[in-house]
Amino acid sequence: MLFWLKNDVGKKYSYASKDLSLAGYTRSICPNCGREVVSPTYIGNAPHLILEGGRKFPDFLQFCGAGNRLTIVSENALNIFERESVSGYDEYLNCQIELASTFKDVNNVPNYYSLNVSGSVDLDLQAMHLRRKKVCSSCGQFEWSRTRIGVYIVDEKTWDSSDICFLKSMPGIKLCSSKFVEIVNSNNLAGFSFPPISLPPTFVK
Ligand SMILES: [Zn+2]
(Lines give C-alpha, C1' and ligand atoms only; values in the text may rest on other atoms or scores of the structure.)
Protein backbone atom coordinates (compact mmCIF):
# COMPACT_ATOMS: atom_id res chain seq x y z
CA MET A 1 0.00 0.00 0.00
CA LEU A 2 1.27 3.44 -0.90
CA PHE A 3 0.88 6.90 0.62
CA TRP A 4 1.87 10.32 -0.62
CA LEU A 5 5.13 11.44 0.99
CA LYS A 6 4.63 15.07 1.97
CA ASN A 7 6.12 17.58 4.38
CA ASP A 8 4.11 18.48 7.46
CA VAL A 9 3.86 22.23 6.99
CA GLY A 10 1.33 22.81 9.77
CA LYS A 11 3.96 23.21 12.49
CA LYS A 12 6.56 25.92 12.97
CA TYR A 13 9.34 24.00 11.34
CA SER A 14 12.26 25.49 9.52
CA TYR A 15 12.43 24.88 5.77
CA ALA A 16 15.00 25.26 3.01
CA SER A 17 14.20 28.29 0.92
CA LYS A 18 17.04 28.08 -1.56
CA ASP A 19 19.76 25.82 -2.92
CA LEU A 20 22.82 27.99 -3.50
CA SER A 21 24.50 25.20 -5.47
CA LEU A 22 22.05 25.88 -8.32
CA ALA A 23 24.22 27.74 -10.83
CA GLY A 24 21.56 28.38 -13.44
CA TYR A 25 19.91 26.66 -16.35
CA THR A 26 21.16 25.49 -19.71
CA ARG A 27 18.70 26.10 -22.50
CA SER A 28 18.65 24.63 -25.97
CA ILE A 29 16.13 23.95 -28.69
CA CYS A 30 15.20 20.34 -29.43
CA PRO A 31 15.99 19.77 -33.14
CA ASN A 32 13.16 17.26 -33.38
CA CYS A 33 10.16 19.11 -31.91
CA GLY A 34 11.40 22.69 -31.55
CA ARG A 35 10.54 22.89 -27.86
CA GLU A 36 12.96 24.48 -25.46
CA VAL A 37 14.97 21.99 -23.36
CA VAL A 38 15.80 23.46 -19.96
CA SER A 39 17.99 21.72 -17.39
CA PRO A 40 19.40 23.02 -14.11
CA THR A 41 23.16 23.10 -13.60
CA TYR A 42 24.85 22.82 -10.23
CA ILE A 43 28.13 23.79 -8.60
CA GLY A 44 29.68 20.97 -6.58
CA ASN A 45 27.84 17.76 -5.92
CA ALA A 46 25.80 18.46 -2.76
CA PRO A 47 23.00 20.94 -2.06
CA HIS A 48 23.90 24.15 -0.22
CA LEU A 49 20.71 25.11 1.58
CA ILE A 50 19.49 28.30 3.21
CA LEU A 51 17.21 27.56 6.16
CA GLU A 52 14.38 29.90 7.13
CA GLY A 53 11.17 29.75 9.13
CA GLY A 54 10.67 28.33 12.60
CA ARG A 55 13.31 27.16 15.04
CA LYS A 56 12.12 23.57 15.16
CA PHE A 57 14.25 21.45 12.87
CA PRO A 58 12.22 18.61 11.38
CA ASP A 59 13.57 15.23 10.30
CA PHE A 60 11.97 15.79 6.89
CA LEU A 61 12.92 19.24 5.65
CA GLN A 62 10.68 21.01 3.17
CA PHE A 63 12.47 22.42 0.12
CA CYS A 64 10.83 25.45 -1.52
CA GLY A 65 13.66 26.57 -3.79
CA ALA A 66 14.20 26.42 -7.53
CA GLY A 67 15.87 23.53 -9.34
CA ASN A 68 15.35 19.84 -8.76
CA ARG A 69 12.81 18.87 -6.09
CA LEU A 70 14.97 17.68 -3.21
CA THR A 71 14.13 14.99 -0.65
CA ILE A 72 15.97 16.06 2.50
CA VAL A 73 16.13 14.14 5.77
CA SER A 74 18.02 14.55 9.04
CA GLU A 75 21.01 12.39 9.93
CA ASN A 76 18.89 10.75 12.64
CA ALA A 77 16.24 9.79 10.09
CA LEU A 78 18.86 8.55 7.62
CA ASN A 79 20.50 6.36 10.29
CA ILE A 80 17.13 4.81 11.10
CA PHE A 81 16.35 4.24 7.39
CA GLU A 82 19.73 2.52 6.94
CA ARG A 83 19.24 0.35 10.03
CA GLU A 84 15.71 -0.62 8.94
CA SER A 85 16.81 -1.32 5.33
CA VAL A 86 14.47 1.28 3.83
CA SER A 87 14.70 0.90 0.04
CA GLY A 88 14.16 3.36 -2.80
CA TYR A 89 17.17 5.66 -2.62
CA ASP A 90 20.54 4.88 -4.18
CA GLU A 91 22.62 7.80 -2.93
CA TYR A 92 22.64 10.43 -0.20
CA LEU A 93 24.60 13.66 -0.05
CA ASN A 94 25.49 15.67 3.03
CA CYS A 95 23.94 19.13 2.55
CA GLN A 96 25.80 22.28 3.40
CA ILE A 97 23.52 24.31 5.68
CA GLU A 98 23.37 28.06 6.15
CA LEU A 99 20.92 29.73 8.52
CA ALA A 100 18.99 32.88 7.61
CA SER A 101 19.86 35.91 9.73
CA THR A 102 16.65 35.46 11.77
CA PHE A 103 18.20 32.44 13.50
CA LYS A 104 20.20 33.85 16.41
CA ASP A 105 22.00 31.73 18.98
CA VAL A 106 20.88 28.56 17.27
CA ASN A 107 23.29 25.68 17.59
CA ASN A 108 21.21 22.53 17.46
CA VAL A 109 20.93 22.30 13.68
CA PRO A 110 20.92 18.68 12.56
CA ASN A 111 23.03 17.35 9.72
CA TYR A 112 20.82 17.02 6.67
CA TYR A 113 21.11 14.63 3.73
CA SER A 114 19.58 14.84 0.28
CA LEU A 115 18.30 11.44 -0.89
CA ASN A 116 18.40 10.48 -4.53
CA VAL A 117 15.06 8.70 -4.81
CA SER A 118 15.39 5.80 -7.26
CA GLY A 119 12.26 3.76 -6.52
CA SER A 120 9.37 4.30 -8.90
CA VAL A 121 5.68 3.76 -9.55
CA ASP A 122 3.39 5.23 -12.17
CA LEU A 123 -0.13 6.42 -12.69
CA ASP A 124 -2.85 4.38 -14.33
CA LEU A 125 -3.40 6.87 -17.13
CA GLN A 126 -6.09 4.78 -18.76
CA ALA A 127 -8.16 4.66 -15.59
CA MET A 128 -7.67 8.42 -15.23
CA HIS A 129 -8.86 8.99 -18.83
CA LEU A 130 -5.64 10.85 -19.40
CA ARG A 131 -3.06 10.42 -22.15
CA ARG A 132 0.18 11.93 -23.31
CA LYS A 133 0.04 13.65 -26.68
CA LYS A 134 2.66 15.17 -28.98
CA VAL A 135 5.37 13.05 -27.32
CA CYS A 136 8.81 13.90 -28.68
CA SER A 137 10.95 10.84 -29.41
CA SER A 138 14.10 12.89 -28.97
CA CYS A 139 13.68 15.01 -25.81
CA GLY A 140 10.73 13.15 -24.30
CA GLN A 141 8.55 16.22 -23.72
CA PHE A 142 4.81 15.87 -24.17
CA GLU A 143 1.48 17.48 -23.41
CA TRP A 144 -1.31 16.01 -21.31
CA SER A 145 -4.61 15.50 -23.10
CA ARG A 146 -6.32 17.60 -20.41
CA THR A 147 -5.08 20.59 -18.43
CA ARG A 148 -6.93 19.50 -15.27
CA ILE A 149 -5.67 16.15 -14.08
CA GLY A 150 -8.64 15.37 -11.79
CA VAL A 151 -8.41 12.18 -9.74
CA TYR A 152 -5.00 10.55 -9.42
CA ILE A 153 -5.01 6.79 -9.72
CA VAL A 154 -1.72 5.07 -8.93
CA ASP A 155 -1.12 1.78 -10.69
CA GLU A 156 0.44 -0.42 -8.01
CA LYS A 157 1.32 -3.02 -10.67
CA THR A 158 4.03 -0.59 -11.84
CA TRP A 159 5.45 -0.25 -8.31
CA ASP A 160 8.96 -1.68 -7.90
CA SER A 161 8.20 -2.30 -4.17
CA SER A 162 10.60 0.40 -2.99
CA ASP A 163 9.75 2.03 0.33
CA ILE A 164 10.31 5.49 -1.18
CA CYS A 165 9.48 6.12 -4.82
CA PHE A 166 8.70 8.85 -7.31
CA LEU A 167 5.85 9.05 -9.76
CA LYS A 168 7.32 8.32 -13.21
CA SER A 169 4.89 10.62 -15.01
CA MET A 170 5.44 13.43 -12.49
CA PRO A 171 8.89 12.88 -10.95
CA GLY A 172 8.52 15.72 -8.41
CA ILE A 173 5.82 13.76 -6.59
CA LYS A 174 7.04 11.19 -4.04
CA LEU A 175 5.25 8.26 -2.44
CA CYS A 176 6.12 5.77 0.29
CA SER A 177 5.17 2.32 1.57
CA SER A 178 3.25 1.47 4.74
CA LYS A 179 6.51 0.03 6.12
CA PHE A 180 8.04 3.50 5.72
CA VAL A 181 5.07 5.12 7.51
CA GLU A 182 5.45 2.66 10.41
CA ILE A 183 9.17 3.35 10.73
CA VAL A 184 8.63 7.13 10.76
CA ASN A 185 5.81 6.91 13.31
CA SER A 186 7.43 4.39 15.65
CA ASN A 187 10.61 6.50 15.77
CA ASN A 188 8.71 9.79 16.21
CA LEU A 189 10.43 11.39 13.24
CA ALA A 190 9.15 14.94 12.76
CA GLY A 191 7.96 16.76 9.67
CA PHE A 192 6.40 13.92 7.69
CA SER A 193 2.83 13.74 6.45
CA PHE A 194 1.26 10.73 4.72
CA PRO A 195 -2.05 11.64 3.11
CA PRO A 196 -3.99 8.70 1.70
CA ILE A 197 -3.53 8.12 -1.98
CA SER A 198 -7.26 8.70 -2.56
CA LEU A 199 -6.57 12.42 -2.13
CA PRO A 200 -4.90 14.32 -4.97
CA PRO A 201 -1.24 15.02 -4.08
CA THR A 202 -1.45 18.68 -5.02
CA PHE A 203 -4.24 19.53 -2.60
CA VAL A 204 -3.01 17.79 0.51
CA LYS A 205 -0.73 19.49 3.03
ZN1 LIG B 1 11.83 17.33 -28.56
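**Helix α2 and its surroundings**

On the face of helix α2 turned away from its buried side, the exposed residues are Ser178, Glu182, Asn185 and Ser186. The structure described here is a predicted model. On the buried side of α2, the residues concerned are Phe180, Ile183 and Val184. These three cover an arc of only 95° around the axis, and therefore fall on the same side of α2. The buried residues of α2 pack against α1 (75-83), β16, β17 and β18 (192-193). Helix α2 itself, made up of residues 178-186, lies across β1, β16 (164-167) and β17, and runs at about 70° to β17.

Just past the helix comes a residue worth a second look. Asn188 follows α2 and lies in the loop between α2 and β18. Although Asn188 is not a glycine, its phi is positive, at about 50°. With 7 other C-beta atoms within 10 Å, Asn188 is exposed, because a residue counts as exposed when 12 or fewer such atoms lie within that distance. A similar description can be given for Lys134. This residue is found in the loop between β13 (132-133) and β14 (143-144), and its phi, near 50°, is again a positive value in a residue other than glycine. Lys134 is exposed as well, with 10 other C-beta atoms within 10 Å.

The strands beneath the helix belong to a wider arrangement. An open sheet of 5 strands, with mixed pairing, follows the order β1-β17-β16-β12-β15. Its edges are formed by β1 (2-4) and β15 (154-155); each has a single partner strand, so one side of each is left without a neighbour in the sheet. For β1, 3 bridges make the join to strand β17 (residues 170-177), and the two run antiparallel. Within this pairing, Phe3 has Cys176 of β17 as its bridge partner.

Another open sheet consists of 3 strands in the order β3-β6-β10, also with mixed pairing. Here β3 (14-19) and β10 (96-99) stand at the edges, and because each has a single partner strand, one side of each is left without a neighbour in the sheet. From one strand to the next, the twist averages 40°. Strand β6 (residues 48-53) pairs with β10 in the parallel sense, over 4 bridges; the bridge partner of Ile50 in β10 is Glu98.

Turning to the interior, the largest nonpolar core has 38 residues. Those that touch the most other members are Ala16, Leu61, Ile72, Val73, Tyr113, Ile164 and Leu175. Val73 offers a handy place to start exploring on screen: apart from its neighbours within four places in sequence, Val73 is in contact with Asp59, Phe60, Leu78, Tyr112, Tyr113 and Leu115.

Finally, the chain can be viewed as a whole. It has 2 helices and 18 strands, and buried residues make up 27% of its 205 residues. Among contacts between residues at least 6 apart in sequence, 73% join residues at least 24 apart. The C-alpha atoms fill a box of roughly 55 × 40 × 30 Å along the principal axes. A compact globule of 205 residues would have a radius of gyration near 17 Å, and the 18 Å of the chain agrees with this.

Technical notes:
Residues numbered from 1 in each chain as written. Predicted model: local features only at pLDDT ≥ 70, side-chain atom pairs only at ≥ 80, totals over all residues. Pairing = 2+ DSSP bridges. Contact = placed C-beta atoms within 7 Å. Axes fitted to C-alpha atoms, helices over the stretch in contact; angles between N-to-C directions. Buried ≥ 20, exposed ≤ 12 C-beta atoms within 10 Å, placed from the backbone. Arc of directions from axis to C-beta. Rg over C-alpha atoms; globule rule 2.2 N^0.38 Å. Core = buried A, V, L, I, M, F, W, Y, C linked by C-beta atoms within 7 Å.
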